[in-house]
Amino acid sequence: MTMVASSAIADTTNPDWARIRADFPLLTREVQGKPLIYLDSANTGQKPASVIESVDDFYRHHNANVSRAVHTLGTEATDAYEGARNKLAGFLRVRADELVLCSGTTFALNLVAYSWALPRLQPGDSILVSRMEHHANIVPWQLVAERTGGRIKVAELMPDGSLDLPALYAAMTSEVKLLALAHVSNVLGTVNPVREICREARRRGIVTVVDGSQAAPHRSLDVASIGCDFYAITGHKMCGPTGTGALWARREHLQAMPPFIGGGEMIREVSFEGTVFNDAPHKFEAGTPNIAGFIGLGAAVDYLQGVGMDHIEARESALLAHATEELQKIEGLRIFGNAPEKAAVISFLIEGAHSHDLATLLDLEGVAIRSGQHCAHPLLQSLGVAATCRASLAFYNTHDEIERFVVALRKSRSLLA
Ligand code: PMP
């Protein structure tokens with residue numbers, strides 16, 4: 001497979017952020033005649049040229065289906081696809097044969113819901129979730145609870161947006177069989193102490209599912225050491241293509257769980273009398289996968305590791321501190337989520353200005369932020385607001401962009417006054 005080199009992976013001791021930013025072709029475009037300021041990375045991340053080129057290279061030079069053909073292209077495609085699984089496993093520090101490749105976190109959580117929870121939960125059992133969960137980490141559990149006669153229990157938050165840990169532990173009662181929790185909140189930015197929480201859950205015999213969608217792009221992960229049972233990630237938020245993601249699960253769960261989707265590739269032998277399934281993780285990967293997408297995700301992992309996850313975390317902390325300080329100077333602006341451990345996500349409202357109006361006016365200035373409910377209706381209901389604006393930062397953003405965003409925000413607000 002052709003190696004596509006990134007032009008600007010920096011010296012690991014001192015990343016050259018301007019050169020790193022130049023790896024992202026889209027960031028040079030204009031929107032509404034203004035230079036784009038992309039502050040929506042929690043929604044989806046931008047892609048470096050090396051990721052785009054790896055997908056292009058696959059279709060130009062190697063395109064074939066995986067695991068089916070013995071011809072050269074088939075072998076190249078299979079090697080590259082399995083190579084991507086190995087890279088992702090290295091990134092998460094887990095075993096590759098415990099990593100199920102799938103379309104993203106939504107699929108990964110549904111796989112746990114239908115394949116682990118549905119056959120196991122009994123009437124009266126509970127699934128514990130936190131108030132800050134994304135709908136992808138609520139709705140699958142509701143669907144399963146409806147079918148098993150179970151119920152959903154909710155762990156509430158402190159005013160700063162962090163989990164109320166004593167209340168969470170008190171809620172871990174004997175009828176709770178599963179805890180589903182975000183590692184990092186997509187609305188509040190709160191980083192949850194998942195290692196400590198999973199230890200407490202394990203002590204009480206509760207199986208844990210961690211939604212790592214907003215953690216994997218921003219910090220160095222050691223999933224095996226978190227002590228959870230399942231960990232879900234999504235590729236498109238970590239510089240990879242859309243339609244890629246993974247579920248890590250403890251081996252014993254993968255072996256015990258029945259397949260979720262049936263079809264080709266997940267079987268060893270099929271007859272009309274019955275089917276013998278393949279080993280995990282292939283047992284959960286029916287059908288032709290997003291081969292090019294995963295090759296792109298492998299390139300994204302190479303890219304992130306080339307920059308260095310510790311550098312990325314430090315850079316994003318500095319950008320978050322700068323943006324928070326500047327936004328707090330704006331009269332009437334309220335930030336939702338001030339937990340001591342916080343990722344670079346800032347949800348806010350300005351008194352007297354509707355969030356969609358602000359986002360629309362900011363777009364006219366070339367600034368892309370998200371406004372709405374961020375797939376977290378229960379959280380917004382408890383905050384007592386219908387919607388918020390959300391600016392989410394990534395390492396490719398700049399301090400200058402933050403200054404220009406704040407100027408544009410002040411201007412937009414004045415137009416709504
Ligand atoms: N969980 C969280 C915390 C998220 O932010 C998102 C994406 N917005 C998801 C789950 C859903 O992930 P996917 O896009 O892979 O379906």
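What is the strand order of the open sheet of seven strands, and what is its pairing? The order is β4-β10-β9-β8-β7-β5-β6, and the pairing is mixed. This is a predicted model, in which local features need pLDDT of at least 70 and side-chain atom pairs count only at pLDDT 80 or more, while totals for chains, interfaces and linings use all residues. Residues are numbered from 1 along each chain as its sequence is written, and side-chain values use heavy atoms, with hydrogens and water left out.

**View 1. The seven-stranded open sheet and its edges.** Strands and helices are DSSP runs numbered from the N terminus (strands: E, at least two residues; helices: H or I, at least four). Two strands count as paired if DSSP finds at least two bridges between them. β4 (99-102) and β6 (151-155) stand at the edges with a single partner strand each, so one side of each has no neighbour in the sheet. From one strand to the next the twist averages 20 degrees, with axes taken as lines fitted to C-alpha atoms (for helices over the stretch in contact) and angles running from 0 to 180 degrees between N-to-C directions.

**View 2. The parallel pair β5 and β7.** Four bridges link β5 (residues 126-130) to β7 (residues 176-182) in the parallel sense. Ser-126 has Val-176 of β7 as its bridge partner. In a regular strand, side chains alternate between the two faces of the sheet.

**View 3. The ligand and its shell.** The ligand is surrounded by Gly-104, Thr-105, Thr-106, His-134, Ala-136, Asn-186, Asp-211, Ser-213, Gln-214, Thr-234, His-236 and Lys-237 (a residue is near a molecule or strand if one of its heavy atoms lies within 4 Å of it). By class, the shell holds one nonpolar, nine polar and two charged residues; Ala, Val, Leu, Ile, Met, Phe, Trp, Tyr, Cys and Pro count as nonpolar, Asp, Glu, Lys and Arg as charged, and the others, Gly among them, as polar.

**View 4. Polar contacts of the ligand.** A polar contact is a pair of N or O atoms within 3.5 Å; within protein, one must be able to donate a hydrogen and the other to accept it, and residues adjacent in sequence count only if both atoms are side-chain atoms. A polar side-chain atom of Asp-211 lies 2.5 Å from a ligand nitrogen atom. For Thr-105, a backbone N or O atom is 3.0 Å from an oxygen atom of the ligand. Thr-234 places a polar side-chain atom 2.5 Å from an oxygen atom of the ligand. Of the 390 Å² of accessible area that the ligand has on its own, the protein covers 87% (Shrake-Rupley method, 1.4 Å probe; for residues, only the protein chains shown count as cover).

**View 5. The β11-β12 hairpin and the loop after β12.** Two residues connect β11 to β12 in a hairpin. β11 (residues 267-271) pairs with β12 in the antiparallel sense over four bridges, and Ser-271 has Gly-274 as its bridge partner in β12. Pro-281 lies in the loop between β12 (274-277) and α10 (291-307). The peptide bond joining Ala-280 and Pro-281 is cis, with omega about 5 degrees.

**View 6. The four-stranded open sheet.** The strand order is β13-β14-β17-β16, with antiparallel pairing. At the edges, β13 (333-336) and β16 (370-372) each pair on one side only. The twist averages 30 degrees from one strand to the next. β14 (residues 345-350) and β17 (residues 388-392) run antiparallel and are joined by four bridges; Ser-347 stands opposite Arg-390 in β17.
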